[in-house]
Amino acid sequence: MKLQEPQSQSVSLGTLWREFLPLSLSDVTMACGDPMMTTTLAHLPDAQNNLAAVGIAKSLAIFFESPIIMILHAANALAGSQNSRKALWRFTLLVGGGLTFLLSLLGLPIIFNFVGVSLLGIPSAMLATVSQVLLLMGGWPFAIAWRRYFQGLLIYHGQSGAVAKASICRLFTLAVILTSGFFCQISGGVIAGLGLMGGVIVEAIVVTIFARRSGAILPPQIEQPNLPRNVTQVWKFYLPLANSMMVVWGGRAILISILTRAEDATIAIAAWSAAWGLVLVIANSTRMVQQMVIKYRHQVSDRQLLTFAISVGAACSTVLLLISLTPIGDRIVQSFIGNDLTLAKSIKPVLLICAIVPLFVALQNAIQGFLVSENRTGHVNLSTWLGTGTLLIITTFAINKGMNGAMAAAIAMITSMLVEISCLLWKRVAKSQ
């Protein structure tokens, strides 16, 4: 397969969409795993406790994953230098291995029983299930770091279709494990842990195979100057990005612990986890606009890239709005939560409030892409801190006032995204003046 090295040429809005769609598909298939898992757990015994426990475990696992989420962005940005690639690969293995060790350590019952109660306020009935899921997902950060490195190389070389195919393999693996576990009536926590871990391992293997077969791991034809050349330089470039993701997912984990203090704690956690999972199926389909901005920043005008991002976000927000307002949307919600009418009643208002989330995610990622391409990663970090702080403060205030837990989280999430986007825009405009 012939590689496509980035070239200076005129790129139309249609071209951006055609290259973006396979990348978007990869995020959509990844996000589809949440409602698929929710559907399975909702039809097993003790559904609400299992949904809440798995929601807590996954939020903690993603927090440990958060420092290496931006490996994809770094691999895309640094792929133009062979030395940079090698340094990033060593960095990826080191950080991924360390985070896997820490997550596995946290999952040990003797440790988690203390942390879960004293720091996170998790109900005692959920502790065993959460600990079980964490132990099953111990290798999660390492597998994620591995596959995101190779995804970045594939995106740089225009192999977006390969990224999508690997994600489909991940979703298929998850579906097989969930289906098998359901018919065998395995515990919900075990099914979730095995499904999540099995899916990401398969995706990491497949994306590596595609990268090797396509030649994406070969040295670039044209070496790009002024890129980090060793692990120390990579660390300085990457640290603000890693910190941003740690703040985001740390905030999401703390958000769950705040919801445990709501008057309707169990239903609030279950409803928020289920509703946010469905929102992410749509919203995650916009995140790859950042990769398009990083790749085409010097070939396409900023105005055209921003127009592209808005068009993607608006289309996806329209889809989510229709799901929250139409009878078909009611059936979609009902299909993945079973016959739990209390849960369904709690989810629908959250979906309506969060209908704007895909547009916000697209704008957020586009502006971050501009800043990353300018090596202004510190500004991305600052905006993330402000947004996450807003999320936690508003959620805490609303729950202390007795508001429904899931609704408090939804309102706080929208407000926090507005704050973060405003800060990113301010930094962007200040640079251009």
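Buried denotes a relative accessible area under 20%, exposed one over 50%, and partly exposed the range in between. At 25% relative accessibility, Ser373 therefore counts as partly exposed. This residue belongs to helix α16, which covers residues 357–373. Its C-alpha atom is separated by 9.8 Å from that of Tyr296, although the two residues are 77 residues apart along the chain. The model described here is predicted.

**Salt bridges**

The structure holds two salt bridges. In one of them, Glu203 pairs with Arg147, and the closest N and O atoms are 3.6 Å apart. This pair links distant parts of the chain, since Glu203 is in helix α9 (residues 188–214) and Arg147 is in helix α7 (residues 140–156), 56 residues apart. Glu203 and Arg147 are both buried.

Glu203 also meets the side chain of Arg170 in a salt bridge, with an N to O distance of 2.9 Å. Arg170 lies in helix α8 (residues 160–183) and Glu203 in helix α9, so this pair ties together parts that are 33 residues apart in sequence. Arg170, like Glu203, is buried. Through shared partners, the salt bridges join Arg147, Arg170 and Glu203 into one network.

**The nonpolar core**

In soluble globular proteins, nonpolar side chains tend to be buried together. The largest nonpolar core in this model has 142 residues, and those with the most contacts inside it are Leu88, Trp140, Tyr238, Trp272 and Val357. Helix α11 (residues 265–283) provides the largest share of this core, namely 14 residues. When residues up to four places away in sequence are not counted, Leu88 touches Ile71, Ala74, Ala75, Leu78, Tyr149 and Val234.

**Buried polar residues in helices**

Asn76 has its place in helix α3 (residues 71–78). With a relative accessibility of 4%, Asn76 counts as buried. Apart from its neighbours within four places in sequence, Asn76 is in contact with Gly152, Ile155, Tyr156, Gln291 and Ile294.

Thr388 is located in helix α17 (residues 377–400). Its relative accessible area is 10%, and Thr388 is therefore buried. Leaving aside neighbours within four places in sequence, the contacts of Thr388 are Val247, Val248 and Gly251.

**The two sides of helix α5**

Within helix α5 (residues 109–118), Phe112, Val115 and Gly116 are buried. These residues cover an arc of only 100° around the axis, which puts them on the same side of α5. Ile110 and Phe114, on the other side of α5, are exposed. The cover over the buried residues of α5 includes α2 (47–65), α4 and α6 (124–136).

**A nonpolar patch on the surface**

Ile110 also belongs to a nonpolar surface patch, together with Phe101, Leu102, Leu105, Leu108 and Leu135. The accessible area of these residues together is about 580 Å². Helix α4 (residues 82–107) gives the largest share of the patch, three residues. Phe101 is located in helix α4. Its relative accessible area is 54%, so Phe101 is exposed.

**Positive phi angles in loops**

Two residues other than glycine are listed below with their positive phi values and the loops in which they are found.

| Residue | Phi | Loop | Relative accessibility |
|---|---|---|---|
| Asp46 | near 55° | between α1 (13–42) and α2 | 48% |
| Gln185 | near 55° | between α8 and α9 | 48% |

At 48% relative accessibility, Asp46 counts as partly exposed. Gln185, with a value of 48%, is likewise partly exposed. The loop that holds Gln185 runs between α8 and α9, and these helices carry Arg170 and Glu203 respectively.

Note on methods. Residues are numbered from 1 along each chain as its sequence is written. This is a predicted model: local features need pLDDT of at least 70, side-chain atom pairs count only at pLDDT 80 or more; totals for chains, interfaces and linings use all residues. Side-chain values use heavy atoms; hydrogens and water are left out. Patches are made of residues with over 30% relative accessible area and no salt bridge: like charges are joined within 9 Å, nonpolar side chains (Val, Leu, Ile, Met, Phe, Trp, Tyr) within 5 Å. Accessible areas come from the Shrake-Rupley method with a 1.4 Å probe; for residues, only the protein chains shown count as cover. A salt bridge is a side-chain nitrogen of Lys or Arg within 4 Å of a carboxyl oxygen of Asp or Glu. Helices (H or I, at least four residues) and strands (E, at least two) are DSSP runs, numbered from the N terminus. Buried means under 20% relative accessible area, exposed over 50%, partly exposed in between (1.4 Å probe, protein chains only). Contact means heavy atoms within 4.5 Å. The arc is that of the directions from the helix axis to the C-beta atoms. A nonpolar core is a set of buried Ala, Val, Leu, Ile, Met, Phe, Trp, Tyr and Cys residues joined through side-chain atoms within 4.5 Å.
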